[in-house]
Each structure stands twice: as structure tokens, then as C-alpha cells.
Amino acid sequence: MSPHMPATIPTREKRHFSFVDRVLSEVDHALKVLTPGAIVRHRTPELSTTHESNEFSIEQWSPKERRLIGGLMRINHCGEICAQALYQGQAATAKSMGMHTAMRKAAEEELDHLYWCDERLQEIQEKPSIFNPIFYGASFMLGAAAGLAGDRWSLGFVVETEKQVGIHLEKHLAQLPLSDAKSQRILQCMKIEELQHQQEAEKLGAASLPPPVKLAMRWMSSVMTTLTYKI
């Protein structure tokens, strides 16, 4: 959810696009998100870490450290791809023009997170997960279902998603070696902004999701992290 989302959601009519236009737009966005190097950066993670002066180069990392850092950043990269799909799905089926616009804007702002993770994978000579297209498709469908349920449920979906993302980021920050200050800086900045997104969704009247839905979301998240850590 955008940290700059308006306090109220307008209800004006959504501009009409043909079915083909909407499909082509979604396909275009998916291709950009799934193609390494296709995303344009607008911001840099400015938050510094206390250990930045001790950052090692990739050649100084042990094989174990390289596997750990590569796996964690691959998970976060896939997570940001899923976030893009979720927001796009929610926007596609949003009940109001205001929610449609808010979700599109949120996805746009989250593109920086995707760029940071993508760039970091390239810097440490690691590849994105081969499962990214599958998780994109599954996340898009989940987001579309949330949008169809109504604005309050869609916002509730955002809250629960950001909570789970925050938990993962906290764990990864604890696992990353101190020698990788840049990855730490990226995740710290992401963590702060994801919390802002959660809080904004709560202010807009997000509904609390039923326990079975939360459990299903946690299960999907667990599957994603397990599969993408190595591949």
C-alpha cells in the first residue's frame, strides 16, 4: 500500500478499457517484472547501517556466506514479484476507481524494492528463481479474488501481506552476515516502507481476514521461500 495513499477513497467511475486492452496491459507489466534488468529505478535505499564500513566484497565471502546471501536475496526478489502481482490483481478487480488507482500507485512505488533486489542479485552473481512466473500467476489470482471481495477485504489482504513480509525481512536481517552491509541496507529500507504500507491500509478501514485465509497465505509464503532459496 502506498505511503502516500489518500485518507479517503474516491468513488468516481473507472475509465473504460476493452478486455483486450486490459489483458495486454497486464501481460506487458508481467513481462517487465519477470525480466531481469527491465525495471527502472526511481530511488535508492538511503538508510545506512552501522556495519557499512566493514562490508566485504563478494570475493571475500566464504562459500557458505555466498549461498546464504544468494538464497535470502532470491527469496526477497521473488517476494517483490509476488507483491507486484498481488497489487495488479487487486487493481484489476477493484470495486471503486479510488481503490484501483491506489493499488496501481502502490505497485508502482514497490517497483523500487524489486529493482533493489534484482540489482543485488546481479551484483552477487546470483540468478532469480525459475519459479517466479508461477508465483506471479498465483499471486495475481489471489489479488484478483481479494479485489472482487470488496475494498475493505482488499485492504485487509494488504495488511496481512505486509505483516508477513515484515516477519520475513526481520528474519533475513538477523541471518545476513555483517559483511553484507548493502543487502542489510536494502532490507532495512524495505522493512520500514512495508510497515508504512500496512499502517496506511489499516487507517483506510481494512477488514481483518478470517483465520483460514491467513493460514493459506502463510502456507503459500512458506512454499515460496522453500522453493526459491536454492532455485
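## An all-helix chain, with a look at His172 and H4

The chain shows about 11800 Å² of accessible surface, and carbon and sulfur atoms hold 61% of that. Keep in mind that this is a predicted model. On secondary structure, the tally is seven helices and zero strands, so here are the pieces worth a look, by topic.

**Overall build**
- Going along the sequence, you read the pattern α-α-α-α-α-α-α.
- The chain has 231 residues, and 48% of them are buried.
- Take the contacts with a separation of 6 or more: 88% of them link residues 24 or more positions apart.

**Helix H4 and what follows**
- H4 covers residues 132–149, which makes 18 residues.
- From first C-alpha to last, H4 reaches 26 Å, close to the 26 Å you'd expect at 1.5 Å a residue.
- Its buried residues are Asn132, Phe135, Tyr136, Ser139, Gly143, Ala144, Ala146 and Gly147.
- Gly150 comes just after H4 and takes a positive phi of about 120 degrees.

**His172 in helix H5**
- His172 sits in H5, the helix that runs over residues 151–175.
- With a relative accessible area of 5%, His172 counts as buried, because the cut-off for buried is under 20%.
- The His172 side chain makes a polar contact of 3.0 Å with the side chain of Asn76.
- Setting aside neighbours within four places in sequence, His172 is in contact with Leu72, Ile75, Asn76 and Leu187.
- Asn76 therefore turns up twice for the buried His172: in the contact list and as the polar partner at 3.0 Å.

Terms used: Residues numbered from 1 in each chain as written. Predicted model: local features only at pLDDT ≥ 70, side-chain atom pairs only at ≥ 80, totals over all residues. Heavy atoms only, no water. Helix = DSSP H or I, 4+ residues; strand = E, 2+ residues; numbered from the N terminus. Buried < 20%, exposed > 50% of the residue type's maximum accessible area, 1.4 Å probe, protein only. Polar contact = N/O pair within 3.5 Å; in protein donor to acceptor, adjacent residues only side chain to side chain. Contact = heavy atoms within 4.5 Å. Areas by Shrake-Rupley, 256 points an atom, 1.4 Å probe, with all protein chains shown as cover. Expected span 1.5 Å × (residues − 1).
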